[in-house]
Structures are given as C-alpha cells and as structure tokens.
Amino acid sequence: MKKLGFPLQYANLATAPFDVVSDGIRGMRGTMLDMYRNPEELKKMIDMFTQPCINSSILLGKMYPHLKVVGIFLHRGADSFMSNKQFEEFYWPSLTKVMDELIKNNFIPMPFYKGGYNDRLEYLADFAKK
C-alpha cells in the first residue's frame, strides 16, 4: 500500500475550528442558533480557535517528524447541518486556514468526512487544486 502512495498511518490530528466551538464550547444547539442570532460573535470565536488548532497540530507533528499525514475528522460541516452559504461563511474559511498552514509546514492534511459532504464537493475540488 505504501508503494502505491497510500498513507499507512498518521499520529497527528487537526480539528476544524468550527467543530471545536460546536463540540466543546457552545454545543451544537448553541452554535447553530448563533449562526442566526449572533453570526459576527460566532465568527470571532471561530477565529480565536483557528491559530491554536494550527499550532497544536504543528507541535504534535514535530514529535513525530517521520509521519507527515494529519487526520482531520470533520462533521459539523456536513450537508445535513448547514447550507452551502453557511458552510462558506462559517466553516470553510477557518478550515482552509488550518489546511493551508499544515501544507506550508510540510504536512499532508487528510480530511475524513463524517456524514454527507456531497454539496461541498465544489469547495473540496477548489482546495485540491492549490
């Protein structure tokens, strides 16, 4: 499998900043309500967690320099949780910052999509061209 270019394992993880807020800070209900009631505050909170998400993955990666693949388990950005417009506004900007920084630091982001991301394929395709 390795000779065919498939990563055998990863020891590093990254998180989408929106998922950090939704999973551990505001909860799913609070975050989804914030998208309607407090969108600017939600964006500020997501921005607050973007750099720490990047830093923690880069630091962990230094502990395992021979493993370059970084797993990113994505879930709240799935089709069933938000519209494409909401995805574009709240989820995608911080996720691309995380993935761009990982690439700049010689890591290979490996997103794992929990749930359907069929409506997100155009975003994913644009990122793949970078």
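In which helix does Asp34 lie? Asp34 lies in helix α2, and the legends below, which describe close-up views of a predicted model, begin with that residue.

**View 1. Asp34 and the buried residues of helix α2.** With a relative accessibility of 8%, Asp34 counts as buried, since the cut-off for that class is under 20% relative accessible area. When its neighbours within four places in sequence are left aside, Asp34 is in contact with Arg26, Pro39 and Leu42. Gly30, Thr31, Met32 and Met35 are buried in α2 along with Asp34, and the buried residues of this helix pack against α1, α3 and α4.

**View 2. The packing of helix α1 on helix α3.** Helix α1, which comprises residues 17-25, and helix α3, which comprises residues 39-63, pack at an angle of about 110°, and their axes are 8 Å apart. At that angle α1 counts as roughly perpendicular to α3, the range for this class being 65 to 115 degrees. On the side of α1 the contact is made by Pro17, Phe18, Val20, Val21 and Ile25, while α3 contributes Leu42, Met45, Ile46, Phe49, Thr50 and Cys53. Sorted by character, the residues of this contact comprise 10 nonpolar and 1 polar, with no charged residue.

**View 3. The buried residues of helix α1 and the residue that follows the helix.** Pro17, Phe18, Asp19, Val21 and Ser22 are the buried residues of α1, and what covers them includes α2 (27-37), α3, β2 and α4. Just after α1, the backbone at Gly27 takes a positive phi of about 75°.

**View 4. The aromatic pair of Phe18 and Tyr91.** A search of the whole structure finds 7 aromatic pairs. A pair of aromatic rings is described by the distance of the centres and the angle of the planes. For Phe18 and Tyr91 these values are 5.5 Å centre to centre and 55° between the planes, and the pair is classed as tilted. Phe18 belongs to helix α1 and Tyr91 to helix α4, so the pair ties together parts that are 73 residues apart in sequence. Both Phe18 and Tyr91 are buried, and together with Phe87, Trp92 and Tyr123 they form one aromatic cluster.

**View 5. The open sheet and helix α4.** The sheet is open and is formed by 3 strands in the order β1-β2-β3, with parallel pairing. Strands β1 (12-14) and β3 (108-113) stand at the edges and have a single partner strand each, so one side of each is left without a neighbour in the sheet. From one strand to the next, the twist averages 35°. Strand β2, residues 69-74, runs parallel to β3 and is joined to it by 6 bridges; within this pairing, Gly71 stands opposite Met110 in β3. Helix α4, residues 84-104, packs on the sheet and touches β1, β2 and β3, its direction making about 170° with that of β2.

**View 6. Met63 of helix α3 and its distance from Asn12.** Met63, which lies in helix α3, is exposed, with a relative accessible area of 58%. Although Met63 and Asn12 are 51 residues apart in sequence, they are 9.1 Å apart in space, taken from C-alpha to C-alpha.

Methods
Residues numbered from 1 in each chain as written. Predicted model: local features only at pLDDT ≥ 70, side-chain atom pairs only at ≥ 80, totals over all residues. Heavy atoms only, no water. Pairing = 2+ DSSP bridges. Helix = DSSP H or I, 4+ residues; strand = E, 2+ residues; numbered from the N terminus. Axes fitted to C-alpha atoms, helices over the stretch in contact; angles between N-to-C directions. Contact = heavy atoms within 4.5 Å. Parallel < 35°, antiparallel > 145°, perpendicular 65-115°, else oblique. Nonpolar A, V, L, I, M, F, W, Y, C, P; charged D, E, K, R; others polar. Phe/Tyr/Trp six-rings, centres within 6.5 Å; stacked < 30°, edge-to-face > 60°. Buried < 20%, exposed > 50% of the residue type's maximum accessible area, 1.4 Å probe, protein only.
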